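Hello,

Here is the structure I promised to send over. Have a look at it first, and then read on for my notes on what turned up.

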Amino acid sequence: MWAAGSSTKSEPKTLDDTPGGRLPLKAIPGSYGIPFFGPIKDRHDYFYKQGKDAYFRTRAQKYGSTVFRANMPPGPFVSRNPKVIVLLDARSFPVLFDLDKVEKRDVFTGTYMPSVDLTGGYRVLSYLDPTEPKHAKLKTLIFRLLHVSRDKIIPEFRRSYRAMFQELEAEIAVGGKAAFADSNDQAGFNFLARSFFGSDPIQTKLGRDGPGIIAKWLLFQLSPILSLGLPNLLEEVTIRSFTLPSCLLRSDYKRLYDDFFWPAFTSSVLCEAAETLGLGREEACHNLLFVTCFNSLGGVKVFFPALLKWIGLAGATWHRKIADEIRSVVRSNGGEVTIACLERMPLTKSTVYETLRIDPPVEFQYGKAKKDLIIESHDAAFEVKKGEMLFGYQPFATKDPVVFARPEEFQPDRFVGEEGERLLKYVVWSNGAETEEPTAGNKQCPGKDLVVMIGRLLVVELFLMFDTFEIEWKPYLLGTAVTLTSLTKATIQTSSSNASAAGLLL
């Protein structure tokens, strides 16, 4: 992947692997270029000339280092400061999770923060540093949300996604292919709304409009760091230099809030929970909207297509292995899908972890140095000054060749067994290691375990219904656009029923 530090070792180096047990202290290589013009050149390379991966790879090779200085988008009038210190390896990347060393205030989307007009006038949980008083209260509210939803997760997921796969199967029968995105968005929103709030959005004033409104809302927040496929100059002087006016989305957001989230929230036990925590109702509701639509549905929009892509590319032989595991376990459990039987599917679980490793749904992590620091890569140590912005590009950190053998290959069984489980600490898609747990005092995703579980549920539902499938795919705005070109119905049917997730710990 890069020239510096290449290896096929299964474990990373330690300090004792270097001569004398100490890493050499080096100046951070790289340059921010000429003021004003340097960031423009870097943005051009990043979006148009090279693309993301090549942008980081060529610089790592040029400097012989996985730690270097560069500019990150967006441009003027959006970004506070485009200058970052880039971290590309599994050893330096975790400093972004160390809250003694980095501040996480207003860095959720990078070197800029979208207008609070897009979140009801509130800085929501994702933008708060754990030292801020409301952080613990709001994160505790999210834990309550997950707790009260625990018995509805499996039945509502299976209800939504079984219907989705049936619709996709019918589309393929008629037209020979079916785009996954729109069906996934609707199924995902229905599942989340019914699980979290016990309310079906289709039966409310919102109807089927939720996913479309949410897609526009996400675009307004993320457009400064996306390419919409417009000419370079046009994007540079519009979305790259200015945020889209939030007033253009005001009526859509109000409809999302008024027609679904506010009535669903106020009629749920979460309303009382928010008051118990000392949170205002409106602030709590806007935060729950953000968690549902940005963190949760936004994740489903990126993660599930990636999961289908990589499993689809793995081919029919792997499909048979995974299907055999799933059907055997479900059959032995009387046809029901439960948490306990999911835990008896190591290949299925490993497949989900491998997707999160090779194609993490969150590519970027940011943090501002709280004090002067020493950051270590595998090969050297570097001085970072207080106030400097640290940036990690996760797809390189989780494909570090010092940690993972053949890191660019999708290996569904990579995390099976004791050796595989030891590698889980380097799977960090959740703003923390997979071996660690989210708390009210850290920034790790509160729904970490839920995401892994619904990823497994998607694989289970798919292979209970079908023996194999084929896809076409291409890169898209937030990840991957997948089109299903065939779904081969299961030759061995396993009876299944909606099951409670009683005992699920979230």
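W262 is partly exposed, at 28% relative accessibility. Please keep in mind that this and everything below comes from a predicted model. W262 has a ring partner in F265, which is buried with a relative accessible area of 0%. Both residues belong to helix α8 (residues 250-266), where three residues, about one turn of the helix, separate them. That spacing fits a general rule: an α-helix has 3.6 residues a turn, so residues three or four places apart point the same way. The rings of W262 and F265 are tilted, with 45° between the planes and 6.1 Å from centre to centre.

**Other aromatic rings**

How many aromatic pairs does the structure hold? There are 43 aromatic pairs. One of them is made by Y55 and F56, an edge-to-face pair with 80° between the planes and 5.2 Å centre to centre. Y55 is buried at 0% relative accessible area, and F56 is buried at 0% as well. Both rings belong to a cluster linked by ring pairs, made up of Y46, F47, Y48, Y55, F56, F364, Y366, F391, Y393 and F396.

Two rings also have a charged side chain over them. K309 places its charged end over the ring of W473, 3.7 Å from the centre. R357 lies over the face of F404, and here the distance to the ring centre is 5.0 Å.

**Strand β9 and its neighbours**

Two members of that cluster, F391 and Y393, bring us to strand β9 (residues 389-393). Is β9 enclosed or open to the outside? Five of its five residues are buried, so the strand is largely enclosed by the rest of the structure. You can check this on each face: M389, F391 and Y393 are buried on one side, and L390 and G392 are buried on the other.

Strand β9 pairs with β3 (residues 83-87) in the parallel sense, over three bridges. It also runs antiparallel to β6 (residues 364-369), and five bridges join these two strands. F391 is a handy place to look at both pairings. V86 stands opposite F391, and so does Y366. Y366 and F391 are both in the ring cluster too.

**A three-stranded sheet**

Elsewhere there is an open sheet of three strands in the order β1-β8-β7, with mixed pairing. Its edges are β1 (25-26) and β7 (373-376); each has a single partner strand, so one side of each is left without a neighbour in the sheet. Strands β7 and β8 (residues 381-384) run antiparallel and are joined by four bridges. In β8, E383 is the bridge partner of I374.

**Helix α11**

Helix α11 (residues 316-332) has 17 residues, and the distance from its first C-alpha to its last is 24 Å, close to the 24 Å expected at 1.5 Å a residue. Its buried residues are H319, I322, A323, E325, I326, R327, V329 and V330. You will see charged side chains in that list, including E325 and R327. Which elements cover these buried residues? Among them are α10 (281-314), α12 (339-342), α13 (346-358), α16 (448-465) and β10 (466-476). Just after the helix, G334 takes a positive phi of about 70°.

**Some backbone details to check**

Most residues other than glycine have a negative phi, and most peptide bonds are trans. The spots below are worth a look with that in mind.

- P73 and P74 are joined by a cis peptide bond, with omega at about 10°. P74 is in the loop between β2 (67-71) and β3.
- F77 has a positive phi of about 70° although it is not a glycine. F77 is also found in the loop between β2 and β3, and it is exposed, with a relative accessible area of 68%.
- D106 has a positive phi too, near 60°, and is likewise a residue other than glycine. D106 lies in the loop between β4 (102-103) and α3 (133-148), and at 14% relative accessibility it counts as buried.

That is the tour from my side. Happy browsing, and drop me a line if you would like to go through any of it together.

Best wishes

Key: Residues numbered from 1 in each chain as written. Heavy atoms only, no water. Phe/Tyr/Trp six-rings, centres within 6.5 Å; stacked < 30°, edge-to-face > 60°. Buried < 20%, exposed > 50% of the residue type's maximum accessible area, 1.4 Å probe, protein only. Lys NZ or Arg CZ within 6 Å of the ring centre and 35° of its normal. Pairing = 2+ DSSP bridges. Expected span 1.5 Å × (residues − 1). Contact = heavy atoms within 4.5 Å.
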